[in-house]
Each structure stands twice: as C-alpha cells, then as structure tokens.
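Visitor: Could we take a close look at a single part of this model, the sheet, and go through it strand by strand?

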Amino acid sequence: MTTAPETTAFKTNETYTPEGDYQFRNSAEGVRRLPFPFPDDDYMYSMNLEPHVPAGDGALRAAFDIDEHYVSECAHRDQMLRDMPGVHYLALPHMMEAQWDLLELIFESYARDFPEQFTLTKNGNEWRWQNRLLGIDDSFTFGDPATLPMDPMEYATRQAQGEFVVLEEKDNTLVIGAGMTTQRADYSLKFNLGMSFFEFHGPVPKLHDMGILDRALKFLLRMKPGHPVRRVNWSLTVNPRLETSVETLPEWAPDRATVDSENAGEKVYLRIELQPLHRLPRSNAIVFPVRTYLVSLAELVQHAPNWAKRIHRALASLDHELVDYKGFHRYHAAAVEWLSQYDDGAPLATGYPWAPDGIQPNGQ
Amino acid sequence: MLITGIKSRPVYDELTPMASGLNHLAAAQGSGGKPLVRLLQAMTPDQLAATDVLYSTESFTGQNYLAELQQFKVRNLAVFTTNADAVRGLDASLADAKMGTRLYLSGSEGFIGTSMQVATSYGMNRDEVLREQAGSSARRVWCAHCGHYSENVTHRVFTCPGCELNLIVRDHYSGRLAAFQGVKADGEVPGEMPDNEELDT
C-alpha cells in the first residue's frame, strides 16, 4: 500500500520558466526516489524494456508515479496550454475511443495507487472523479464527450504528471494519433503527428543501424492490455525548464551557452524520462507516457553521491554522436569537469536502483 | 528518385498503370510531366479513356511537358498555371471521384506532399496512390517558430519570410504538413551560423 504520498509535501509555488524565476527544488527524499537511469559506468542505447511491475518504494511503485511536484506541474501544463493553444495538445479526430481508454487508465491507476489523493466512483457509465490535490470533484458519463468540459484525454492529462503520446496500430506499425506534450524535449508534436514509428524516430542516430527499432516495434506490437512494459531514458538540460519544444527553441537554446565548469552544478539538470507503455483495451492503441524528472547535478552530489559518481563516468565516456543528438555538445565538458570533483573512483554497484543489488543513491 | 538517409522522408514509387483501377486520376507539375507521359504511354486505350489528367506548368527548373501530354486521348486534360491551383483542382476532382479511382502524382516533393494531404482527406489508401518524384530536389519547409511554409528551399540555411529568423533545415519530413522542419539556425549563440550547403546534391 501507499507509503510515499502520505509523507509527501506537495509543493504549490514552484515554477519551470524563466519568467517564474525557476523556483524549483527537489527534497532529499525526492532525489533518492528517482528512477536513476545509469546501471553501468558506460552508457549505450539499448531497448531496456522490462515488465512494468511495482518495484521498490520510489518512482516505480505506482503504475503512474506522482511526486512532490504534482501540483506545480499541473499548473505549468495549464499555463503552457493557455500560452500556445494548438501546439502542445493535439488529437486526430478518430482517436476518441483511445482518449476514453487513456482517461480510464490514468484515473483507475491514480485512485488505486494514491487513494488519499484520488477517488474514482463508478456506477455503470456514470463516473465521479475526485482529485483532492487540485480540488476537483466532477461527475460525467464515460464515453460521452459532451459531459466533460474538454476532450477526455485533455481532461485526464491536465491532472497527470508527464507527457502522453497515443499511438494507433495501423499497417503493422504504430502511428502518432494524439499527444499531450507540454514537456517535450526538442521535438514538435504538430510536426510529428501522424508519423509512423520509424518516421518519428528518424533523427535519432545509431538506432536504425543497430536494429533496435525493428526489435522494439515487434515487441510493442505484441503488447497485450494489462501487461505494461517500461523503460527509462535520459538527457541533460539547462535550468529546470520542462517545456523545451522545437517551437520555443529560440527561447531556451541560448541557455546552453551559459554553462561553465563553475556553475554546471546549479545550471545543468539531469532529465530522466520514465516511459511506462500500456496497450489500451478498446481502441487497441498504445499509450507512450514520458514521465519527466528534473534533478540538478548539485542535488545529486548533495543527496545521492553514488549517483553523482556514476553520472560522471557515464558522461565522460559517452559516444560523441549521442552528445550531439542529445544537444549538450556545448557544455558536456563543463559538466564532466564539475562532476569530476566528486568522483573518488570507488567501484559502484551495477544495475538500476530498483533492481536487487542495483546502485543505491548513497551508502555502500 | 531521391535516395537519402532521411528515415521520415517518403519512399517514392514509379508510375505504372494500376490494373485494379476503374478510373484514373493523374496530377503532375513541371518535370513531373515526364513520368506522366511514360505512364500514359503504358496505358491501354480503355484506361486512357477512363483517365483525367491535371497538369501545372509552374516549374522550378523550367520544364514543360504540356505539348507531349496533349497527344494522348485521355478523357480530360486540365491545365493550371500554378501548383496551388492544380492541388485545388485535384481536390475538386476527388470530391466527385467514384469507387475504384486510382491516383497518380508526380513532380516536386512539395507538390506530391500537398497533393497527398488532399488525397488523405478523402480517405484514399496508400495502395490506391502512386507517387513519383521528379525534377528539382528543392524542399518545402515548415518554420517551427512562426508556422510559415516556404516552397523550393534549396539550401541548408535560409531566412524565413514569415518571421525573418535564420532557419536550418532538418532532415526530418512530416507527411501531415507535407514539409521538412526548419528551426532557428543560430539558436544557441545568435550570429553563430552553421555551415551552409546545397540540399541533396
């Protein structure tokens, strides 16, 4: 049952924008519960899919994780949707069944995993949804869009942490049919909507040659409802800025030129993406959520010294093509140099932190 | 035919008569007239009599195949002076199209892409359409920042007429927008421009 949320202090005054002065900080507990994505000192792409079953008492305990940033992230999403309508949320017209599937999955998961915060009451198709963190208490008819103030997917994902991309199965591939992406890393939903699996992965280096995409697609097409899978991915970003879309690149790209080996600890953030994929039961679509966590290098050093050593080694040995693709060519050396002060070279455990004997944030 | 490492770029076909078609609709632009002539040559008299042709004489490279196209006994040949008009003509033709219509497109990538947007809006399946790229490899580019579409972009770096930012053309193509993606070229350090180059040469 729940342990984390009862002790979680949900912050309400955080911001993820320069206008809001980046009022964002992780607590020590918030750092140590992260799905830290470096199981080894060397990093290379892999499919790294595993069954999405509860693991540990951190971010992998729930089907869809929420943490101390839940309230402020929902406020940020609302702000982004108002600032740039038609850019961050889009759904092709035939995706309505998948939208209801997704609403059901998110609400059922939240209500089951965080009963203190959420309650879903069903009486046939008459549903009541209570979200105590955001002060929402709504009743609607499942399957009838007229009973909600907006699309079911927009309604549900405005109350959820992370991005959600819905893929429909068509001609033996997966095609982007809808997305709520106010936190996307250097891509455009508007541009990618309607693209197939190989098309939207087009710009990623090495994947095609390594055969990873073929295997990943075959695996995903075999997914069944009720048997989700997950993977983790990561990047670096400058400042705790969630919205780094292609559209707003002129606003955030200059930040990359502000990092040096003195300020890298405060400026550079590890951006962890937890991706728990689910097959949806009615529409047969697959939802690809990207739950994003931001943590500064200084916060890792302070609260998770083992992870700081590990990320130092992984970054120092990272393939240059990946450095370019992930967009931190300009400050990669500064981040490595800053981290080197905190790495004594001691051997570290291998494996993800939620695996038996995996790398823990601190201690031996 | 364009052969590049761009994974999201469409894979083009070669125009040949689709035997399953009861009616044939062929739209071409500029250099795309050449594959169209080849297509019509390969058709039987019955197929020609069930074929409507739309041809735009707008051409980036100055190629015009109208005289050759006029030699064929097709049901109808409609001529347009701009590609945009030809695409609108295609829209009108598809609005009246009957079951069993097969579509053939040839010309620049931008023309084929915008024609495909129309075909998709009528629910045409990929196996009912053949596309052959011809002529210049100029690209149609969508500006990620202001949404402007630029036709006939030939260089990696150019100035967006919509927002006047310097854009770099990414090797990433959206079929829905029928365009490549343009993003600010000197995003990290204003004035620090990447190398320019001719596209697809």
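Guide: What follows is a description of one sheet in chain B and of the helix beside it. The model is a predicted one, and in chain B it shows an open sheet of five strands, which follow one another in the order β7-β6-β10-β9-β8 with mixed pairing. At the edges of this sheet stand β7(B), residues 149-153, and β8(B), residues 157-159; each has a single partner strand, so one side of each is left without a neighbour in the sheet. From one strand to the next the twist averages 45 degrees.

Turning to the edge formed by β8(B), its link to the sheet is made by three bridges to β9(B), residues 166-174, and the two strands run antiparallel. Within this pair, Phe158(B) is placed opposite Leu167(B), the latter belonging to β9(B). Packed on the sheet is helix α5(B), residues 109-121, which touches β6(B) (139-143), β7(B) and β10(B) (179-184), and whose direction makes about 60 degrees with that of β6(B). The edge strand β7(B), which has a single partner strand in the sheet, is thus also among the strands that α5(B) touches.

Chain B does not stand alone in the model, since 19 of its residues are in contact with 20 residues of chain A. On the chain A side of that contact, the elements giving two or more residues are α6(A) (189-192), α7(A) (197-200) and α10(A) (249-252), and the residues on this side divide into eleven nonpolar, five polar and four charged.

Conventions
Residues numbered from 1 in each chain as written. Chains lettered and ligands numbered in written order. Predicted model: local features only at pLDDT ≥ 70, side-chain atom pairs only at ≥ 80, totals over all residues. Pairing = 2+ DSSP bridges. Helix = DSSP H or I, 4+ residues; strand = E, 2+ residues; numbered from the N terminus. Axes fitted to C-alpha atoms, helices over the stretch in contact; angles between N-to-C directions. Contact = placed C-beta atoms within 7 Å. Nonpolar A, V, L, I, M, F, W, Y, C, P; charged D, E, K, R; others polar.
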